[in-house]
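Could you walk me through how the strands and helices of this protein fit together? I have the sequence and the model open and would like a guided tour.

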Amino acid sequence: MRLNPAVRLSEYFMPTLKENPAEAEIASHRLMLRAGMIRQSASGIYSWLPMGYRVLRKIEQIVREEQDRAGANEILMPTIQSADLWRKSGRYDDYGKEMLRITDRHDREMLFGPTNEELITDLFRDGAVSYKDCPQMMYHIQWKFRDEVRPRFGVMRGREFFMKDGYSFDLTVEDGLKSYNRMFVSYLRTYAKMGLQVIPMRADTGPIGGENSHEFIILAETGESEVFCHEDFLSLDPNAEAVNYKGDLQPIVDQWTSMYAATEEMHDEGKFKTEVPEDKRVSARGIEVGHIFFFGTKYSEPLGAVVQDKEGKQVPVQMGSYGIGVSRLIGAIIEAHHDDNGIIWPESVAPFQVGIINLRVGDDACDEACEGMFTKLQEAGVEVMYDDRDTKAGAKFADMDLIGLPWQIAVGPRSLKNGQVEVKNRRTGEKQEVSIEAALELVTAS
C-alpha cells in the first residue's frame, strides 16, 4: 500500500484533544486519543483515523518485509471459520467465552477467528503430499477478534485487533526447531527496526499448546506484568550483523536465551539470584509484543495433516505458530517512546518524518518559504506534513509535539528576515536556527 507522502493539515482529518480522556488509563491510550489516531466505536473496538492508520500500515510493512526475508510466504485466510475444524482439534470449547460464536442462516456453526492454527493446517493437508512439500512457512496479516471480558488500555487489550500470525510445517522435530529459530531471529530484527529493545522470555504455551514457547517483551512502566532479566539484554543489537536464514541460527538463539529472563508466571527467584549478579538484576514491568510456539503434531495429528516420508511412510508434520500483534505494537511503541508533551515516534514508524509549521499564515514570505520547503521535501521523497492552518502558534507547536514527528521546521517572520528557520529534533528537544537550505539538508539526511 502506497502512503501519501505529503499532506496539508488544513485538509487532514486529525481531531486532536487538549485534555486527557477520562476513560484512558495508560499513556498510549491517552495519546492515541488526543493525537486523533483512533476513536472507540464499541467496547474494545476502534476506528483508525488517518494518522493512526498510517502508523498501522508502516508497522505492518516492517513485519511483512522481515517475514519475507525469513522465507515465509504471505497468504490471506478468512476471518470467519467453521466450528467443525475447531472441534476436530479439540479447541472449540477450550477458548470459552473469548471466542465469538456465530450461527449463519443455514444454522451452521461458525466463529470469528481468534487465531488460525486449524484453518492453516487444513489448507496444508489439502495441498501437501510428500516430504518434498516440506519445509513450508506461511503467514497472513488480518483482523482478529477475542471477546475479552474486560477490554482496557485502548489498542493494547482490545477485542478486535490486527495481527500477523505465521505457521511452519516440517518433516522432523529437528527441522521444526530450525523453523522456530528462523522466526525467533526474525522477530528480534523486526522489533529492532521499529526502535524497540525486546527481550525473549520463556513462556507458558496456554491454549495454543506445545512445549517450546517464547514471549517477546519490551520494558515499560505501564507494562501488564512484572518481568525479571539480566541487564545485558538491554545492550544487545540483533541487527548488528547480517543474518543468513538458511544457515545455522542456533548460536544467535543461544546468545539471546543464555541469560536469565522470565515473566512473573515463569519466574524462579532463587534461580534469578543465583544466575544474575546483584548489580545486573532488572525487575520491571513488561509488555508482550509477540509470541512464538513450537507444538509438534498437536494439530497435524487430529486434523490429518500427514505427508509421505522418504521411506514411503505417512507421518504427521511438525508445526509451529508465530504471532505479532501489529495494532498492539502501536500502543507498545508509544509506551516506550513518549514524554509529557506527547508521542516521540522512532523514524521507521513515524507517520511523517517532518512537520512544517507556518507561524504566520497569510504572510507572503512565510507562505512562500513553507510552500517551497513542502515541495522540495516531497521531491526528495521525504514524508512531510505542512501545518498551514490559520490558528495560534502555541496550538500548532502543541499539536506538533503531541503527534511526535521526528523533525519540526518552524517558519516565522522574524527568523525569515535573517534568512533562517527553526529546526527542532523531537526526541532530543534540541532547537537550532539555520538557513532554509541547511534545514532541508538536516532533515533529509536523517
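His-291 has Gly-323 of strand 17 as its bridge partner. That pair is a good place to start in this predicted model, since it takes us straight to the contact between two strands: strand 14 and strand 17 (residues 318–325) run antiparallel and are paired through six bridges.

Strand 14 has other partners too. With strand 11, strand 14 forms eight bridges, again in the antiparallel sense; strand 11 covers residues 212–219 and strand 14 covers residues 281–296. If you want a pair to click on, take Ser-213, whose bridge partner in strand 14 is Phe-293. Strand 12 (residues 225–230) is also antiparallel to strand 14, and six bridges join them. Here His-230 is matched with Arg-281 of strand 14.

Now follow strand 11 to another of its neighbours. Strand 10 (residues 198–202) pairs with strand 11 over five bridges, and the sense is antiparallel. Within this pairing, Ile-199 sits opposite Ile-217 of strand 11. How much of strand 11 is buried? Six of its eight residues are, so to speak, under cover: strand 11 is mostly buried. As a general reminder, strands of a sheet pair through backbone hydrogen bonds, in either a parallel or an antiparallel arrangement.

Let us move to another sheet. Six strands make up an open sheet with mixed pairing, and their order is 1-21-20-22-23-24. At its edges are strand 1 (6–8) and strand 24 (431–435), each of which pairs on one side only. On average, neighbouring strands in this sheet are turned by 20° against each other, if direction is ignored. Inside the order you will find a parallel pairing: strand 20 (residues 354–358) and strand 22 (residues 407–411) are joined by five bridges. Asn-358 has Val-411 of strand 22 as its bridge partner.

Helices pack on this sheet as well. Helix 13 (residues 436–445) touches strand 20, strand 22, strand 23 and strand 24, and its direction makes about 125° with that of strand 24. Helix 11 (residues 393–403) lies across strand 20, strand 21 (384–387), strand 22 and strand 23 (420–425), and runs at about 175° to strand 20.

Next, look at a pair of helices. The axes of helix 2 (residues 50–69) and helix 9 (residues 326–336) come within 9 Å and cross at roughly 110°. Because of that angle, helix 2 is roughly perpendicular to helix 9. Helix 2 contributes Gly-52, Val-55, Leu-56, Ile-59, Glu-60 and Val-63 to the contact, while helix 9 brings Val-326, Ser-327, Leu-329, Ile-330 and Ile-333. Sorted by class, this contact has eight nonpolar, two polar and one charged residues.

Some of those names return around one last residue, Ile-141, which belongs to strand 8 (residues 136–145). Is Ile-141 buried or exposed? Its relative accessibility is 8%, and because buried means under 20%, Ile-141 counts as buried. Neighbours within four places in sequence aside, Ile-141 is in contact with Glu-60, Val-63, Arg-64, Glu-74, Leu-76, Phe-162, Met-163, Lys-164 and Val-326. Arg-64 is 77 residues away from Ile-141 along the chain, yet their C-alpha atoms are separated by 8.3 Å.

Key:
Residues numbered from 1 in each chain as written. Predicted model: local features only at pLDDT ≥ 70, side-chain atom pairs only at ≥ 80, totals over all residues. Heavy atoms only, no water. Pairing = 2+ DSSP bridges. Helix = DSSP H or I, 4+ residues; strand = E, 2+ residues; numbered from the N terminus. Buried < 20%, exposed > 50% of the residue type's maximum accessible area, 1.4 Å probe, protein only. Axes fitted to C-alpha atoms, helices over the stretch in contact; angles between N-to-C directions. Contact = heavy atoms within 4.5 Å. Parallel < 35°, antiparallel > 145°, perpendicular 65-115°, else oblique. Nonpolar A, V, L, I, M, F, W, Y, C, P; charged D, E, K, R; others polar.
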